[in-house]
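Morning, everyone. Please bring up the sequence and the 3D view on your screens. I'll walk through the packing, step by step.

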Amino acid sequence: MQIGVIGLGRMGGNIVRRLMKAGHHCVVFDANAAPRDALAKDGATAAGSLEALVKALAKPRAVWVMLPAGEITEETVASLGSLMEAGDIIIDGGNSFYKDDIRRARTLAERRLHYVDCGTSGGIWGIERGYCMMIGGPKDAVGYLDPIFSALAPGLGDIPRTAGRDNRDSRAERGYIHAGPSGAGHFVKMIHNGIEYGLMQAYAEGFDILRNKNSKDLPEDERFTLNMPDIAEVWRRGSVVASWLLDLSAAALAKDPQLEQFSGYVQDSGEGRWTVEAAIEEAVPADVLSTALYARFRSRQVHSFGEKMLSAMRFGFGGHVEGQEAIDPAPKSATGPATE
């Protein structure tokens, strides 16, 4: 299948590579010539502009936008809307705010263009592990794109199958779902990221308590100097708290037990804020998720070992290199990176 991909950063470039490995033909564009030229050497068709990309695609066209949420995605989708024709499909695979998706879908529908929002999880590891995808949009458009989603998804792998799913949609077991109408995909991904904040915060606080068990404030016979890399490693083996986030934590601690390379300054992508906003709109208590978000705000003032753990996990799954000098302290509600 042929597809256009716009935005060739950490995730966009790897999405192209995974699709080409599965036999799909990709036409690619990025404002930076270097990544598109590199992908052209690997077999993609590089386009020098949005217009050239659209012209290079056969009808019905499908274009995947993998850019940071906010103004750049808004402008790109609007430009594509003016260049593409009835029956074509625009996919936003970044971390856009779901209410923006609803608005865009309504506007594009006036020109008989289809809009699909795809919450994409997998970070820099997706090229090998596959991407978990939560998709919103018209059923026919999502169905047409199924070969693309199937190629990007992890597949069944070696995860034990869940009992009682024999007569259910097999796509969920393979790592992607059609969550519902426009906006539903990014809404589910938004809640996914809110939960991610909570899980990360739980690990961070737990390891912080472990590390401080040798505090001089404790009675001498209650002080333990604990081996953090070994604790993380043993928890990976049969423990009820085992997870990919713990795997990443164990890898970071094995390389740097004191996490000295991490600043402890932890960014939030905007997804956690939107999750808390949704909880408020629905009058749903979200104590853990709210606290995890506020802990990230606090990390920009005081840096603890736990906050370095958060930085280490974000670097592990998304390649995020964080430092105070590089961070916008107040991302707007409709902005955020195209990664986790």
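**Helix α10 and its partners**

Let's start with a crossing: α10 and α11 cross in the right-handed sense. Keep in mind that this is a predicted model.

Now the geometry of that pair. Helix α11 covers residues 228-235, and its angle with α10 is about 135°. The two axes are 11 Å apart. Angles over 145 would count as roughly antiparallel, and 65 to 115 as roughly perpendicular. This angle fits neither range, so α10 is oblique to α11.

Which residues of α10 and α11 meet? From α10, take F207, L210 and R211. From α11, take M228, I231, A232 and W235. Sort the residues of this contact by class, and you get six nonpolar, no polar and one charged.

Next partner: α12. Find residues 244-255 for α12, and residues 184-211 for α10. These helices pack at about 40°, with 10 Å between their axes. So α10 and α12 are oblique to each other as well. Their crossing is right-handed. On the α10 side, the contact uses L199, M200, Y203 and F207. On the α12 side, L245, L246 and L253 take part. What classes do the residues of the contact of α10 with α12 fall into? Seven are nonpolar, with no polar and no charged residues. Note F207 on your screen: this residue of α10 touches α12, and F207 also meets α11.

Third partner: α14, residues 287-298. Here the angle with α10 is about 70°, and the axes lie 8 Å apart. That value falls between 65 and 115, so α10 is roughly perpendicular to α14. The α10 residues in this contact are G194, I195, Y197, G198, M200 and Q201. Those from α14 are V288, L289, A292, L293, A295, R296 and R298. The classes here are eight nonpolar, three polar and two charged. M200 is one to mark: M200 takes part in the contact with α14, and M200 is in the contact with α12 too.

**The sheet**

Turn to the strands. How many strands does the open sheet have, and in what order? There are eight, running β3-β2-β1-β4-β5-β6-β7-β8, and the pairing is mixed. Two strands form the edges: β3 at 45-46 and β8 at 176-180. Each edge strand pairs on one side only.

Look at one end of that order. Strand β7, residues 132-136, pairs with β8 in the parallel sense over four bridges. Within that region, M134 sits opposite I177 of β8.

Helices pack on this sheet. One of them is α4, residues 71-83. Helix α4 touches β1, β4, β5 and β6, and its direction makes about 170° with that of β5. Our α10 packs on the sheet too, touching β5, β6, β7 and β8. The direction of α10 makes about 15° with that of β6.

**Two loop details**

First loop: the one between α3 and β4, where P60 lies. The peptide bond from K59 to P60 is cis, with omega near -10°.

Second loop: the one between α5 and β6, which holds R112. R112 has a positive phi of about 60°, although it is not a glycine.

**Confidence**

Last topic. The mean pLDDT is 91, and 94% of the residues reach 70 or more. Where does the pLDDT drop below 50? Look at residues 324-339. Beyond near neighbours in sequence, that stretch has 39 contacts in the model.

Methods: Residues numbered from 1 in each chain as written. Predicted model: local features only at pLDDT ≥ 70, side-chain atom pairs only at ≥ 80, totals over all residues. Heavy atoms only, no water. Axes fitted to C-alpha atoms, helices over the stretch in contact; angles between N-to-C directions. Parallel < 35°, antiparallel > 145°, perpendicular 65-115°, else oblique. Left-handed = near helix turned anticlockwise from the far one by under 90°. Contact = heavy atoms within 4.5 Å. Nonpolar A, V, L, I, M, F, W, Y, C, P; charged D, E, K, R; others polar. Pairing = 2+ DSSP bridges. pLDDT = per-residue confidence, 0-100.
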